[in-house]
Amino acid sequence: MAGALVVAEHDGTTLSPSTSRCVTCASAIAGAQVTVAVCAADAGAVAAQAAELKGVETVLKVEQAANAHPIAAVLAPQLAQLAQLAGGYSHVLGPSTTFGRDLMPRLAALLDAPQVSDIMAVESPTRFKRPIYAGNVVVTVDVVDAPIIVGTVRTASYAGAPGGGSARIESASVGTAAAAHTRFVSVSASKTDRPDLQSARRVISGGRALGSAEGFQLLYRLADKLGAAVGASRAAVDAGYVPNEMQVGQTGKIIAPELYIAVGISGAIQHLTGIKDAKTIVAINKDAEAPIFEVADIGLVGDLFEIVPQLEKLLS
Amino acid sequence: MKRVLVGIKRVVDYNVRVRVKPDGSGIALDGVKMSINPFDEIALEEALRIKERGAADEVVVASVGNADCQQQLRTALAMGADRALLVDTASAGGAPGGDLGLEPLTLARVLLALVQREQPFMVILGKQAIDDDNSQTGPMLAALWDRPQATFASKIELAGEKAIVTREVDQGLETLEVGLPAVFTTDLRLNEPRYVKLPDIMKAKRKPLDTLSLSSLGVSSRARVKAVRFEPPPQRQKGIRVKDAAELAAALKQKGLV
């Protein structure tokens, strides 16, 4: 029996939208029954949310005090045991977020399984498409001689699974002690009331042309009018205008909003790979030759410091 | 001897826009500029700074591939690494898995063999290679070695037998404390790699560069992820230009986007 085990990403109380997208990917594996594993100190609330996702048959709670924070060295041995339990799984999937990219390769090595990163399409249970070279090439790969395939899911390639499901919730017991050599100290996340960058329907991003942290205030005001999330190019993050979690691109976040407005971003290939799946791309840039205009559905050449405030008024 | 081991991958330079071969069998790499994977350059810079602060005695760089990788290893030596190891895969019958090269799990086994040989207290790798974008090798090595991992590091502080690491995660910045030895993977903002100076390039020619074979390390190069076809991504349709904010607002409203 083929089974796909999806490793849930969550913060202890809320299931991340990335998991729901992984469920959609797992459901595309022909014949696979989908199980979601929730590793947490107290998995109840998150497991209940996972059980509502259509396509999920079973939710497994893996509860240990050490699972309070997602430490790969702690979670991977537990998931490796789970993946090899009676019945077994043919696929183990996690999101291609920093959570999944940290955890899944550690798990794959413990399982002696090959990993397919950034799955963007499932062609068959052993054939997948994935982007390489910053998304400038798509490669189709066949996995051979592998009882278990580990994968990370390029979440921008999949819509979230709809709700309305009613999966069984069970407790799984895996006897693994905590990894004494790794200790979680803290996580600092800037508090924002704006939508989450990775799942927002509208995103406005700024580049180095914004000139300063104050310059980004222009974008925040427009974003709040539109109910949009705010992102940034690497250059703007490197310059210290905004924190790292706002970076969009090959080494930042890969997103697929309905509307993406790039303000003062030239459009390096490393940035473009992060926005390829946006439905509509708008570019505002004073350089008419900027590469961002090659991918933009709507382009406007001009001074962002004039255009953005005008736009804010016009869209009020 | 406190030693840092750094992985160096030879990749297509980040400024090159790669092309798929017309028959879809691979990437056109003839005459393309090759460089050290940018994240590996950051890894090496971090190792050099740790040594310059007196917290390490030796920096060893290692690359896995064919003889061409010597170029990147020489550059690494010119940056300041003390010696280099090339694990030559040419005898393994070309690049297994077609253009995808050695699989990350095989690479991790090679690195584990080097770890056992060199006994480093830190292994620093790039968080991903900019060619295959796999982002797998670091955590795989940490798992096989049964040691901690600190991926996506933007700050590494050594404190005795431990390292305090700031990691760039989707939520913001996470701080982890890991016992040494450990595997670290670098993110962009860990440091800015130094430029290589001409006299250093001359000096690097006299530094040791040893070649090892896969089989001498007891690693077999099985390929379980095989490339079937390479293709360019779907192109976006050509867009329109508007002349001012009013036209842009109207276009967005007409498309029902705002």
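Visitor: What classes of residue make up the lining of the largest cavity?
Guide: In this predicted model, the lining of the largest cavity has ten nonpolar residues, together with five polar and three charged ones.

Visitor: And how much volume does that cavity have?
Guide: The largest cavity has a volume of about 170 Å³, and 18 residues line it.

Visitor: Which of those lie nearest its centre?
Guide: Nearest the centre of the largest cavity are A:Q115 from chain A and, from chain B, the residues B:E103, B:P104, B:N134 and B:V225.

Visitor: OK, so which elements give two or more residues to that lining?
Guide: Chain A does so through β5 (115-119) and β8 (137-143), while in chain B the element is α3 (104-118); the largest share, three residues, comes from β5(A).

Visitor: Switching topic, how many cavities of 30 Å³ or more are there?
Guide: The count comes to five cavities of 30 Å³ or more, and the second largest of them holds about 120 Å³ of space.

Visitor: Which residues sit nearest the centre of that second one?
Guide: The second largest cavity has a lining of 14 residues, and those nearest its centre are A:T98, A:T251 and A:G252 of chain A along with B:E168 and B:D170 of chain B.

Visitor: Which elements supply at least two residues there?
Guide: For the second largest cavity, α4 (98-111) of chain A and β8 (162-169) of chain B each supply at least two residues of the lining.

Visitor: And how does its lining divide by class?
Guide: The lining of the second largest cavity divides into eight charged residues, five polar ones and one nonpolar, whereas the lining of the largest cavity has three charged and ten nonpolar residues.

Terms used: Residues are numbered from 1 along each chain as its sequence is written. Chains are lettered from A and ligands numbered from 1 in the order in which they are written. This is a predicted model: local features need pLDDT of at least 70, side-chain atom pairs count only at pLDDT 80 or more; totals for chains, interfaces and linings use all residues. Side-chain values use heavy atoms; hydrogens and water are left out. On a 1 Å grid over the protein atoms alone, a cavity is a set of points where a 1.4 Å probe fits but cannot get out, and a pocket is an open set with protein on both sides within 12 Å along at least five of seven lines; lining residues have an atom within 4 Å of a point. Grid points are joined across faces, edges and corners, and a volume is the space filled by probe spheres set on the points. Helices (H or I, at least four residues) and strands (E, at least two) are DSSP runs, numbered from the N terminus. Ala, Val, Leu, Ile, Met, Phe, Trp, Tyr, Cys and Pro count as nonpolar, Asp, Glu, Lys and Arg as charged, and the others, Gly among them, as polar.
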